[in-house]
Amino acid sequence: GIYLNRLIDGLYTPGSTFKIITTASAVENIADIDSFTYTCKGETIVEGVKVTCPRAHGKMNFDECFANSCNGAFAEIAKMLGKDKLSATAKEFGFGQSFSFGNSETKASTFDLSDASVSDTAWASVGQYDTLVNPYHMLTVVGAVANNGEAVLPYTVDSIKTPSGYTVEKGTTESREYISYEVANEVKRMMRN
């Protein structure tokens, strides 16, 4: 275990960091999401399953739901999205793919709602259920939001030079577009809030 590189080999429950992806999905797929309101009483029931928040947040708009990281609100948003749209956005963000990092490949983050119920989807929207994320991958998710929708993938070696200064090999930047400029800027604005 001490030799495990958690950055590239680890898979962890993302928790509320996954709400970035759920928010992007809502902005992409729900035309009137800006008018969304939710009154948090500390819990909501989805198909007989309790989805809890650490406290009752009260009445909030969409921005406030994100800023307060309200599980109940995101459970309701997940019901509006459905598992197909949420899964499609997760795929856009690179879930199910591994990434090259130097001479290594990262573990692929997982997001599979194929057998999920509505309550499972509600929990998945807040980074629970059976969702697992690789830390390297999650850094690219946040980086893509900051970089107008385009994830710039890290690399390990900038250049390899001979003793005389001749460049033998140069590291190259690879990028992937996860989301549109408009969606990224809306999520970025909400993250600043």
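**Exercise 1.** Start with the rings: how many aromatic pairs does the structure hold?

*Solution.* This predicted model holds 7 aromatic pairs.

**Exercise 2.** Take Phe18 and Phe95 and work out which kind of pair their rings make.

*Solution.* First, get the geometry: the ring centres sit 5.6 Å apart and the planes meet at 80 degrees. Next, recall that planes over 60 degrees apart count as edge-to-face. So Phe18 and Phe95 are an edge-to-face pair. Now place them on the chain: Phe18 is in the loop between helix 1 (6–9) and helix 2 (19–29), while Phe95 is in the loop between helix 4 (71–92) and strand 5, 77 residues apart. Finally, check burial, where the cut-off is under 20% relative accessible area. Phe18 comes out at 0%, so it's buried, and Phe95 at 6%, so that one is buried as well.

**Exercise 3.** Now try Phe18 with Phe111: what pair type is it, and which parts of the chain does it tie together?

*Solution.* The centres are 4.9 Å apart with 15 degrees between the planes, which makes the pair stacked. Phe111 lies in the loop between strand 6 (104–105) and helix 5 (118–124), so its pairing with Phe18 ties together parts 93 residues apart in sequence. Phe111 is buried, just like Phe18. Put the pieces together and Phe18, Phe95 and Phe111 form one aromatic cluster.

**Exercise 4.** Over to the largest pocket: describe its space and its lining.

*Solution.* Volume comes to about 340 Å³. There are 18 lining residues, and Gly102, Tyr155, Thr156, Val157 and Gly171 are the closest to the centre. By class, the lining splits into 8 nonpolar, 7 polar and 3 charged residues. Strand 5 (100–101), strand 8 (159–161) and strand 9 (167–170) each chip in at least two of them.

Terms used. Residues are numbered from 1 along each chain as its sequence is written. This is a predicted model: local features need pLDDT of at least 70, side-chain atom pairs count only at pLDDT 80 or more; totals for chains, interfaces and linings use all residues. Side-chain values use heavy atoms; hydrogens and water are left out. On a 1 Å grid over the protein atoms alone, a cavity is a set of points where a 1.4 Å probe fits but cannot get out, and a pocket is an open set with protein on both sides within 12 Å along at least five of seven lines; lining residues have an atom within 4 Å of a point. Grid points are joined across faces, edges and corners, and a volume is the space filled by probe spheres set on the points. Helices (H or I, at least four residues) and strands (E, at least two) are DSSP runs, numbered from the N terminus. Ala, Val, Leu, Ile, Met, Phe, Trp, Tyr, Cys and Pro count as nonpolar, Asp, Glu, Lys and Arg as charged, and the others, Gly among them, as polar. Rings of Phe, Tyr and Trp (its six-membered ring) pair if their centres lie within 6.5 Å; planes under 30 degrees apart count as stacked, over 60 as edge-to-face and the rest as tilted. Buried means under 20% relative accessible area, exposed over 50%, partly exposed in between (1.4 Å probe, protein chains only).
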